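Student: I am new to this entry and would like to work through it step by step. Please begin with whatever term is needed first.

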Amino acid sequence: MEHVIRTVRADEWRQARDIRLAALQDPAAPLAFLDTYEAAVARPDAHWRERTAGAAEGSDGARQFVAEAPDGSWEGTVTVLVERPGGEVRFGEAPEADQTHVVGVYVRPQARGSGVAEALFRAAVEWSWSLGGAPVRRVRLYVHERNARAAAFYRKAGFVPTGAVVPLDGDADGALEVEYEVRRPVTV
């Protein structure tokens with residue numbers, strides 16, 4: 001794999017916006033994201049600046065990783081949100097212990113199967129374990145119950161279903177998001 005996995009910089013909001021819009025146009029987007037292309041493309045530049053800065057190098061509450069190809073293009077991305085007990089609950093249950101939450105996973109079609117997704121997940125999990133303060137006990141994510149491709153990848157990456165589910169708001173079929181996790185390795 002020739003890609004460099006790195007954290008976004010605050011001034012890269014245009015690239016962050018562009019890969020997010022590409023993700024929302026992917027055929028799997030309705031199962032993968034709790035957002036739509038139409039809503040995202042209508043957001044002002046200030047939204048994208050703030051969103052990118054909040055997950056850029058030096059941010060305490062989140063980190064966005066990208067897979068940068070040799071030509072400088074971004075071929076994939078993943079964002080990790082820090083969740084602390086008593087803090088903001090973005091999705092699912094409030095954390096009982098310090099944890100992180102993987103969101104916004106996307107790899108462009110031409111980079112799928114190249115190791116980009118695996119490298120992004122390694123970076124996300126390693127960053128989670130490296131956080132200062134109370135140690136992060138687990139990394140979690142949610143996957144739509146009908147997104148079999150994503151669920152298979154997450155299991156391959158070491159994530160296991162916890163049994164927790166969250167109903168999707170406004171889904172007439174009663175679809176569920178299934179929680180997966182990987183627990184911090186025990187050191188002796």
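Tutor: A residue is called buried under 20% relative accessible area, exposed over 50%, and partly exposed in between, with a 1.4 Å probe and protein chains only. The model is predicted, so local features need pLDDT of at least 70 and side-chain atom pairs pLDDT 80 or more, while totals for chains, interfaces and linings use all residues. Residues are numbered from 1 along each chain as its sequence is written, and side-chain values use heavy atoms, without hydrogens and water.

Student: Is Phe121 buried or exposed?

Tutor: The relative accessible area of Phe121 is 5%. This value falls under the 20% limit, so Phe121 is buried.

Student: Which type of aromatic pair do Phe121 and Phe153 form?

Tutor: Rings of Phe, Tyr and Trp (its six-membered ring) pair if their centres lie within 6.5 Å; planes under 30 degrees apart are stacked, over 60 edge-to-face, and the rest tilted. The structure has six aromatic pairs. In the one made by Phe121 and Phe153, the centres are 5.1 Å apart and the planes stand at 75°, so the type is edge-to-face.

Student: How many residues apart are Phe121 and Phe153?

Tutor: Helices (H or I, at least four residues) and strands (E, at least two) are DSSP runs numbered from the N terminus. Phe121 belongs to helix α5 (residues 116-130) and Phe153 to helix α6 (residues 148-156). The pair therefore links distant parts of the chain, and the separation is 32 residues.

Student: Which residues join Phe121 and Phe153 in one aromatic cluster?

Tutor: Phe153, like Phe121, counts as buried, at 18% relative accessibility. The cluster that holds both is completed by Tyr154, Phe159 and Tyr180.

Student: How many residues of α5 are buried?

Tutor: Helix α5 has 15 residues, and it is largely enclosed by the rest of the structure. Among its buried residues are Phe121, Trp127 and Trp129. The number buried is eleven.

Student: How far apart are the end C-alpha atoms of α5?

Tutor: The expected span of a helix is 1.5 Å times one less than its number of residues. For the 15 residues of α5 this gives 21 Å. The distance in the model agrees, at 21 Å.

Student: Which strand gives the most to the lining of the largest pocket?

Tutor: On a 1 Å grid over the protein atoms alone, a pocket is an open set of points where a 1.4 Å probe fits, with protein on both sides within 12 Å along at least five of seven lines; lining residues have an atom within 4 Å of a point. The largest pocket holds about 1,300 Å³ of space, and 50 residues line it, with Ala32, Phe33, Val103, Gly104 and Val105 the closest to its centre. Seven lining residues come from the strand that gives the most, β4 (residues 99-107).

Student: What is the volume of the second largest pocket?

Tutor: This pocket is lined by 14 residues. Strand β7 gives the most to that lining, with three residues. A volume is the space filled by probe spheres set on the grid points, which are joined across faces, edges and corners; here it is about 230 Å³.

Student: With which side chain does the side chain of Arg138 make a polar contact?

Tutor: Arg138 lies in strand β5 and counts as buried at 12% relative accessibility. A polar contact is a pair of N or O atoms within 3.5 Å; within protein, one must be able to donate a hydrogen and the other to accept it, and residues adjacent in sequence count only if both atoms are side-chain atoms. At 2.7 Å, the partner of Arg138 is Gln99.
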